[in-house]
Amino acid sequence: MKILITSGGTTEKIDAVRGITNHSTGYLGKEIAELFLAKGHQVTLVTAKTAVKPEPKENLKITEITNVDSLLKSMEPLVKEHDVLIHSMAISDYTPIYMTDFAELEDTENLSQLLHKSNTESKISSTSDYQVLFLKKTPKIISLVKQWNPNIQLVGFKLLANVSKEDLFEAARTSLKRNQANIIVANDLGEITPNQHIAYLVDEKGEEKVTTKSAIAQALFERICHD
């Protein structure tokens, strides 16, 4: 099968030297990719430059992206030509549009005017004690996958922090239905450490608990290849 995997995290530029990113390392995506490669499948890994990656192999292609916009442009053609998407990348929910001195807000009668401005300098000055950053919501790429390829097997991920199991499962099932996914891997940030990664594979039948990154990879492999 042709397996498409996303991993790592996106970075949204504020200026030429600053950006908004997250703590995703890409280790889980790497683990999943290595298992499918070992089983003889063709793997395309879409990942961030700073994320960890498998060693080069004949049946592995790697596409590096930076932000949500570059991810969006890369994903549509890839989704159309793959059998499975395992979408583990941590994607920025918002992207910067304008950063300004707090004083400009006080001098602007209609604050919505600032939403149409953009920074022109390569590095925004750091002389002000306070800056205000305007952010715009980014597209939810997982919601577009089935439009691009209705037949692809879709595995999504839902990460919350310090919530009840009921809330975690409810969020996963909402994503499962909304995005027409086959599986949602639900995890709580409070249950992820260097030595464990507790997660739940949620589908229409129920929830399966796993406790490590390698166990997540193995469970996904068995579901995708044997169901």
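In the predicted model, a salt bridge joins the side chains of Lys-30 and Glu-34, with a distance of 3.0 Å from N to O. Because Lys-30 and Glu-34 stand four residues apart in helix H1, about one helical turn separates them. Both ends of this pair retain some access to the surface, since Lys-30 is partly exposed at a relative accessible area of 21%, and Glu-34 is partly exposed at 29%. Side chains of opposite charge can pair when their charged atoms come close, and a search of the whole structure returns eleven salt bridges.

A further salt bridge is formed by the side chains of Glu-104 and Lys-117, with 2.8 Å from N to O. Glu-104 belongs to helix H3, which spans residues 102-107, whereas Lys-117 lies in the loop between H3 and S8, so that the pair ties together parts of the chain that are 13 residues apart in sequence. Glu-104 has a relative accessible area of 19% and therefore counts as buried, the limit being under 20%; its partner Lys-117, by contrast, is partly exposed, with a value of 36%.

Lys-165 and Glu-191 also meet in a salt bridge, in which the closest N and O atoms are 3.1 Å apart. This pair links distant parts of the chain, given that Lys-165 is in helix H5 (residues 165-178) and Glu-191 is in strand S10, with their positions 26 residues apart. Lys-165 is partly exposed, its relative accessible area being 30%, while Glu-191 is buried at 18%. Elsewhere, Asp-203, Glu-208 and Arg-223 are joined into one network by salt bridges that share partners.

The helices and strands that carry these pairs can be placed within the chain as a whole. Six helices and twelve strands are found in the chain, and eight of the strands form an open sheet with mixed pairing, in the order S5-S4-S1-S6-S9-S10-S11-S12. The edges of this sheet are strand S5 (60-65) and strand S12 (206-210), each of which pairs on one side only. From one strand to the next, the twist averages 20°. Strands of a sheet pair through backbone hydrogen bonds, either parallel or antiparallel. Within this sheet, strand S1 (residues 2-7) and strand S6 (residues 84-87) run in the parallel sense and are paired over four bridges; in one of these, Ile-3 has Val-84 in S6 as its bridge partner.

Two helices that pack on the sheet may be described in turn. Helix H1, comprising residues 27-38, touches S1, strand S4 (42-48), S5, S6, strand S9 (153-160) and strand S11 (196-203), and its direction makes about 165° with that of S1. Helix H6, comprising residues 213-226, touches S6, S9, strand S10 (183-193), S11 and S12, and its direction makes about 20° with that of S11. Strands S6, S9 and S11 are thus among those touched by H1 and also among those touched by H6.

Individual residues away from the salt bridges show contrasting surroundings. Thr-10 is located in the loop between S1 and strand S2 (12-13), and this residue counts as buried because its relative accessibility is 0%. When neighbours within four places in sequence are left aside, the contacts of Thr-10 are with Ile-20, Thr-21, Asn-22, Ile-65, Thr-66, Asn-67, Val-68, Leu-71, Met-89, Ala-90, Ile-91 and Ser-92. On the surface, a nonpolar patch is formed by Tyr-94, Leu-133 and Leu-135, which together have about 250 Å² of accessible area. Of these patch residues, Leu-135 is found in strand S8 (residues 131-137) and is partly exposed, with a relative accessible area of 40%.

Over the whole chain, which has 227 residues, buried residues make up 44%. Among contacts with a separation of 6 or more, 64% are made by residues 24 or more positions apart. The accessible surface of the chain comes to about 12,500 Å², and carbon and sulfur atoms account for 48% of this area. Taken along the principal axes, the box filled by the C-alpha atoms is roughly 65 × 40 × 35 Å.

Definitions and conventions. Residues are numbered from 1 along each chain as its sequence is written. This is a predicted model: local features need pLDDT of at least 70, side-chain atom pairs count only at pLDDT 80 or more; totals for chains, interfaces and linings use all residues. Side-chain values use heavy atoms; hydrogens and water are left out. Two strands pair if DSSP finds at least two bridges between them. Axes are lines fitted to C-alpha atoms, for helices over the stretch in contact, and angles run from 0 to 180 degrees between N-to-C directions. Contact means heavy atoms within 4.5 Å. Patches are made of residues with over 30% relative accessible area and no salt bridge: like charges are joined within 9 Å, nonpolar side chains (Val, Leu, Ile, Met, Phe, Trp, Tyr) within 5 Å. Accessible areas come from the Shrake-Rupley method with a 1.4 Å probe; for residues, only the protein chains shown count as cover. A salt bridge is a side-chain nitrogen of Lys or Arg within 4 Å of a carboxyl oxygen of Asp or Glu. Buried means under 20% relative accessible area, exposed over 50%, partly exposed in between (1.4 Å probe, protein chains only).
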